[in-house]
Amino acid sequence: MPIQRIAVGHPGEASQPDALRAALAEFFSMVIFVFAGSGSGMAFNKLTDNGAATPAGLIAAALAHAFALFVAVSVGANISGGHVNPAVTFGAFMGGHISLLRGILYWIAQLLGSVVACYLLKFSTGGLVTPAFALSAGVTSWNAVVFEIVMTFGLVYTVYATAVDPKKGNLGTIAPIAIGFIVGANILAGGAFDGASMNPAVSFGPAFVSWTWTNHWVYWVGPLIGSAIAAIVYDNVFIGDGAHEPLPTNDF
């Protein structure tokens with residue numbers, strides 16, 4: 001990956017109106033996503049008397065997250081690019097599609113959005129805390145890292161193919177649907193093993209509110225590695241130097 005594609009950005013970028021609007025859009029998109037996605041799991045758990053860890057609960061979680069992410073990406077797409085995920089932002093940075101400083105601003109907004117959503121869930125459910133992501137019995141932390149790498153690779157590869165690639169054409173109109181679908185499918189594949197996060201912010205909010213940090217590093221290391229691999233592979237193999245566009249003002 002040519003190093004010239006990676007941009008640090010200038011110090012005043014974080015105070016620019018468009019950057020602040022983009023960060024605010026990421027914040028609200030994350031609130032929408034986490035509140036609906038995590039809240040659905042809490043609701044199913046309550047309705048089934050702590051029976052969320054069932055095939056029906058897994059399907060419900062996959063559908064809720066797919067629908068919620070579709071909406072969250074759609075409402076933020078025209079403002080921030082609809083990342084709704086620090087791993088997606090990192091992948092965009094690795095491909096030279098967002099500057100480091102703007103990416104950090106996105107990360108702050110995404111993490112705050114997840115925390116606020118979890119506190120809203122705690123308040124509106126009468127004190128229930130959104131459970132932190134955890135590994136299932138027999139699944140080691142390194143097993144989970146591999147799961148997160150592979151699942152996040154699929155997610156960020158889909159983002160690049162449907163939203164970033166300048167050759168995407170009309171495919172870009174279905175990008176939010178494709179992104180939501182791959183997340184829902186990955187939850188069906190990995191949800192029973194490590195919760196299938198693919199998103200450090202989604203893991204951070206519940207961990208912060210419940211103050212449960214056991215194996216939390218897994219949900220950062222795996223997604224960031226997976227996103228970096230997907231960005232490097234797609235950007236270099238399928239976009240290439242000739243088709244690569246300059247770093248845009250409003251990201252992708």
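V84 is a buried residue in this predicted model, because its relative accessibility is 0%. Look for V84 in the loop between helix 2 and helix 3 (86–94). Its backbone has a feature worth spotting: phi of V84 is near 55°, a positive value in a residue other than glycine.

N215 also has a positive phi without being glycine, with a value near 60°. You will find N215 in the loop between helix 7 and helix 8 (218–243). Is N215 buried or partly exposed? N215 counts as partly exposed, because its relative accessible area is 27%.

## The overall picture

Now step back and look at the whole chain. The protein has eight helices and zero strands, and from the N terminus on its elements run α-α-α-α-α-α-α-α. The radius of gyration is 17 Å, close to the 18 Å that the globule rule gives for 252 residues, so the protein is as compact as a globular protein of that length. Along the principal axes, the C-alpha trace spans about 55 × 35 × 35 Å.

How much of the protein is buried? Buried residues make up 50% of the 252 residues. On the outside, the protein exposes about 11100 Å², and carbon and sulfur atoms supply 72% of that area. Contacts also reach across the sequence: among those between residues at least 6 apart, 81% join residues at least 24 apart.

## A closer look at helix 2

Helix 2 (residues 55–77) lets you try a simple check. At 1.5 Å a residue, its 23 residues should span 33 Å, and its end C-alpha atoms are 32 Å apart, which agrees.

The buried residues of helix 2 include G57, A61, A64, H65, A68, L69, A72 and G76. An α-helix has 3.6 residues a turn, so residues three or four places apart point the same way. Against what do the buried residues of helix 2 pack? Their partners are helix 1 (17–47) and helix 6.

## Three buried residues and their contacts

S197, T152 and T130 make a handy set for following contacts. S197 is found in the loop between helix 6 (175–194) and helix 7 (200–210). T152 has its place in helix 5, while T130 lies in the loop between helix 4 (100–124) and helix 5. S197 counts as buried because its relative accessibility is 7%. T152 is buried too, at 0%, and so is T130, at 2%.

The table lists the contacts of each residue, leaving aside neighbours within four places in sequence.

| Residue | Contacts beyond four places in sequence |
|---|---|
| S197 | F133, E148, S203 and Y219 |
| T152 | A87, M198, P223, G226 and S227 |
| T130 | S38, M42, C118, L121, P206 and S210 |

One of the contacts of S197 deserves a second glance. Which residue has a side chain joined to that of S197 by a polar contact of 2.6 Å? The partner is S203. For a sense of scale, try finding H10 as well: S197 and H10 are 187 residues apart in sequence and 32 Å apart in space, C-alpha to C-alpha.

## Aromatic rings

The structure holds 15 aromatic pairs. One of them is formed by F147 and F193, which are stacked, with 4.9 Å centre to centre and 20° between the planes. F147 lies in helix 5 (residues 141–164) and F193 in helix 6, so the pair ties together parts that are 46 residues apart in sequence. A pair of aromatic rings is described by the distance of the centres and the angle of the planes.

Are these two rings' residues hidden away? Their accessibilities settle the matter: F147 counts as partly exposed at 26% relative accessibility, and F193 counts as partly exposed at 36%.

Aromatic residues also gather in a group. Which residues form one aromatic cluster together with F153? The others are Y157, Y160, Y234 and F238.

How values were computed: Residues numbered from 1 in each chain as written. Predicted model: local features only at pLDDT ≥ 70, side-chain atom pairs only at ≥ 80, totals over all residues. Heavy atoms only, no water. Helix = DSSP H or I, 4+ residues; strand = E, 2+ residues; numbered from the N terminus. Buried < 20%, exposed > 50% of the residue type's maximum accessible area, 1.4 Å probe, protein only. Contact = heavy atoms within 4.5 Å. Polar contact = N/O pair within 3.5 Å; in protein donor to acceptor, adjacent residues only side chain to side chain. Phe/Tyr/Trp six-rings, centres within 6.5 Å; stacked < 30°, edge-to-face > 60°. Rg over C-alpha atoms; globule rule 2.2 N^0.38 Å. Areas by Shrake-Rupley, 256 points an atom, 1.4 Å probe, with all protein chains shown as cover. Expected span 1.5 Å × (residues − 1).
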